[in-house]
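User: I'm new to this structure and would love a close look at a single part of it. Could you walk me through one piece and how it sits among its surroundings?

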Amino acid sequence: MQKAIEVGNKALATANRTIITLGGDGAVVLDGTAQGADRSISVAPTRVTAVDTTGCGDAFTAATAARLAAGKSLAEAARFAARAGALAATREGAQSSYPVLRDLLEHASEKLAELEVRTKEQTGIKNMKVKSNKVFGYYIQVSNGNKSKV
């Protein structure tokens, strides 16, 4: 991981932001425009039983581009892309192994639970909930008594 950060920091000399992929170990997002801890973000891997790793990097790159085009941050895009790359490894071949959006979203409930825990810790709002539906997408539910903390 440290070596990836060193390489990425060199890349920041010519680019403001970069992602270093680490295969089955996830990725590192380096943002030269950020300060402190946000400058280097570790992206946890999605653990799978790999069948064929052909095309996993391409799946990662395509998923990153798709999430950035959808307006997501580089860190959010990299987290999504790590799942896409991992799921691509569970099938034979390159293009035929690429997951469809439905496959990726099946793992979204795990990510929502993780987001809820992190957000509760960051805000101190113990009874908040992170949910999703077809109308609003993802949203955070907070009681009226905690509105001032949002």
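Analyst:
**A close look at K129**

Leaving aside neighbours within four places in sequence, K129 touches E116, Y139, I140 and Q141. Keep in mind that this is a predicted model. Take I140 from that list: K129 and I140 are eleven residues apart in sequence, and their C-alpha atoms lie 5.7 Å apart in space. K129 itself belongs to strand 4, which covers residues 129–133. Is K129 buried or exposed? The answer falls in between: K129 counts as partly exposed because its relative accessibility is 38%, and that class runs from 20% to 50%.

To place strand 4 in the whole, follow the chain from the N terminus: its elements run α-β-β-β-α-α-α-α-β-β. That makes five helices and five strands. Across the 150 residues of the chain, 31% count as buried.

Strand 2, residues 27–31, makes a good companion to look at, with five of its five residues buried. Both of its faces are covered, with A27, V29 and D31 on one side and V28 and L30 on the other. Strand 2 pairs with strand 1 (residues 17–21) in the antiparallel sense over five bridges, and V28 is the bridge partner of I20 there. Strand 2 also pairs with strand 3 (residues 40–43), again antiparallel, over four bridges. In that pairing, V28 has S42 as its bridge partner. Between strand 1 and strand 2 the hairpin has five residues, and G23 takes a positive phi near 60°.

Notes. Residues are numbered from 1 along each chain as its sequence is written. This is a predicted model: local features need pLDDT of at least 70, side-chain atom pairs count only at pLDDT 80 or more; totals for chains, interfaces and linings use all residues. Side-chain values use heavy atoms; hydrogens and water are left out. Helices (H or I, at least four residues) and strands (E, at least two) are DSSP runs, numbered from the N terminus. Buried means under 20% relative accessible area, exposed over 50%, partly exposed in between (1.4 Å probe, protein chains only). Contact means heavy atoms within 4.5 Å. Two strands pair if DSSP finds at least two bridges between them.
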